[in-house]
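Colleague: Please take me through this model one label at a time. For each, I want the value and the cut-off behind the word.

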Amino acid sequence: MPRRIAPLTNPQVKNAKPQSKDYKLYDGSGLLLIVTPTGGKLWRFSYRFSGKAKELSLGIYPEISLGDARELRESARKQVANGIDPGEERKKQRAEEKAKEEVVVNTFEKVALEWHTNKKPEWTKKHA
C-alpha cells in the first residue's frame, strides 16, 4: 500500500533551509517543492503521460504561494485526466504568444516603412 504524504504547510515552505544539494518537499498528488543550495524554492508538478514520467515547472516561491501552486497542480491534473499533456500545452501557448508578438513587430515594420515612403518626397535626399 502506498505511503501517505502529509500535505505541506505554509511555515514548512517558508522555513525550508538550503542544504548542500537540491532536495524535495512533497505536498501530495504530484506537487513538490525543490529547495536549491542557493536558497531558491521551485514548484514542480510531477506526472506521467503516455507511460513517461514528466515534470512541469509551476513557478518560484514566494511569487507562487502554496495555495496558488495547489491550484496550478489541480488544473494540470485535470488536463492529464482529459488526455492533454500540460507540458506540451504550455509549449503551444508560448508558440502562439511568440507568433502574436512577431505579427506586432511585422505590423510596426510595415507602418514604419509606409511612413518613410510617404515622407521621403518632403525630405532632402541626404535626410531620407
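**Pairing in the sheet**

Modeller: Start with one pair: leucine 32 stands opposite arginine 44 in S3. Keep in mind that this is a predicted model.

Colleague: What makes S2 and S3 a pair of strands?

Modeller: Two strands pair if DSSP finds at least two bridges between them. S2 and S3 have five bridges, in the antiparallel sense. Therefore they meet the criterion for pairing. They also form a hairpin, with five residues between them. In that turn glycine 39 has a positive phi of about 100°.

Colleague: What makes S1 and S2 a pair?

Modeller: The count again: strand S2 (residues 31-35) and S1 share five antiparallel bridges, against a threshold of at least two. Tyrosine 26 stands opposite leucine 32, and tyrosine 23 has valine 35 as its bridge partner. These two strands form a hairpin with two residues between them. Serine 29 sits in the turn, with a positive phi of about 55°.

Colleague: Why are S1 and S4 called edge strands?

Modeller: The open sheet has four strands, in the order S1-S2-S3-S4, with antiparallel pairing. S1 and S4 each have a single partner strand, so each has one side without a neighbour in the sheet. Neighbouring strands are turned by 30° against each other on average, direction ignored. Helix H2 (residues 66-81) packs on this sheet and touches S1, S2, S3 and S4. The helix direction makes about 15° with that of S3.

Colleague: Why is S2 said to be largely enclosed?

Modeller: Buried means under 20% relative accessible area. Five of the five residues of S2 are buried, so the rest of the structure largely encloses this strand. Leu31, Leu33 and Val35 point one way, while Leu32 and Ile34 point the other way. Such alternation is what a regular strand gives, with side chains on the two faces of the sheet in turn.

**Salt bridges**

Colleague: How many salt bridges does the structure hold?

Modeller: Eight.

Colleague: Why does the contact of lysine 24 with glutamate 55 count as a salt bridge?

Modeller: The limit is 4 Å from a side-chain nitrogen of Lys or Arg to a carboxyl oxygen of Asp or Glu. Here the closest N and O atoms are 3.9 Å apart. The value is within the limit, so the pair counts. The two residues are 31 apart and link distant parts of the chain: lysine 24 is in strand S1 (residues 23-28), glutamate 55 in strand S4 (residues 52-61).

Colleague: Why are lysine 24 and glutamate 55 called partly exposed?

Modeller: Partly exposed lies between the 20% and 50% cut-offs. Lysine 24 has a relative accessible area of 40%, and glutamate 55 has 41%. Both values fall in that range, so the label holds.

Colleague: What separates glutamate 88 from lysine 91 in helix H3?

Modeller: About one helical turn, because they are three residues apart in H3 (residues 86-119). Their side chains meet in a salt bridge at 3.5 Å, N to O.

Colleague: Why do glutamate 88 and lysine 91 get different exposure labels?

Modeller: Exposed means over 50%. Lysine 91 has 54%, so it is exposed. Glutamate 88 has 37%, so it is partly exposed. The pair of glutamate 122 and lysine 119 bridges at 3.9 Å. There, glutamate 122 is exposed at 60%, and lysine 119 is partly exposed at 28%.

Colleague: Which residues are linked in a network of salt bridges?

Modeller: Asp27, Arg70, Arg73, Glu74 and Arg77.

**A buried lysine**

Colleague: How do you know that lysine 41 has no salt bridge?

Modeller: The nearest side chain of opposite charge, aspartate 22, is 13 Å away. A salt bridge needs 4 Å or less, so none is formed. Lysine 41 is buried all the same. It lies in strand S3 (residues 41-49).

Colleague: What makes the approach of lysine 41 to alanine 16 a polar contact?

Modeller: The limit is 3.5 Å between N or O atoms. The side chain of lysine 41 reaches the backbone oxygen of alanine 16 at 3.4 Å, so the pair is within it. The backbone oxygen of lysine 14 lies 2.8 Å from a polar atom of the lysine 41 side chain. Leaving aside neighbours within four places in sequence, the contacts of lysine 41 include Val13, Leu33, Val35, Gly59 and Tyr61.

Definitions and conventions
Residues are numbered from 1 along each chain as its sequence is written. This is a predicted model: local features need pLDDT of at least 70, side-chain atom pairs count only at pLDDT 80 or more; totals for chains, interfaces and linings use all residues. Side-chain values use heavy atoms; hydrogens and water are left out. Buried means under 20% relative accessible area, exposed over 50%, partly exposed in between (1.4 Å probe, protein chains only). Lys and Arg count as positive and Asp and Glu as negative; His and the chain ends are not counted. A polar contact is a pair of N or O atoms within 3.5 Å; within protein, one must be able to donate a hydrogen and the other to accept it, and residues adjacent in sequence count only if both atoms are side-chain atoms. Contact means heavy atoms within 4.5 Å. Axes are lines fitted to C-alpha atoms, for helices over the stretch in contact, and angles run from 0 to 180 degrees between N-to-C directions.
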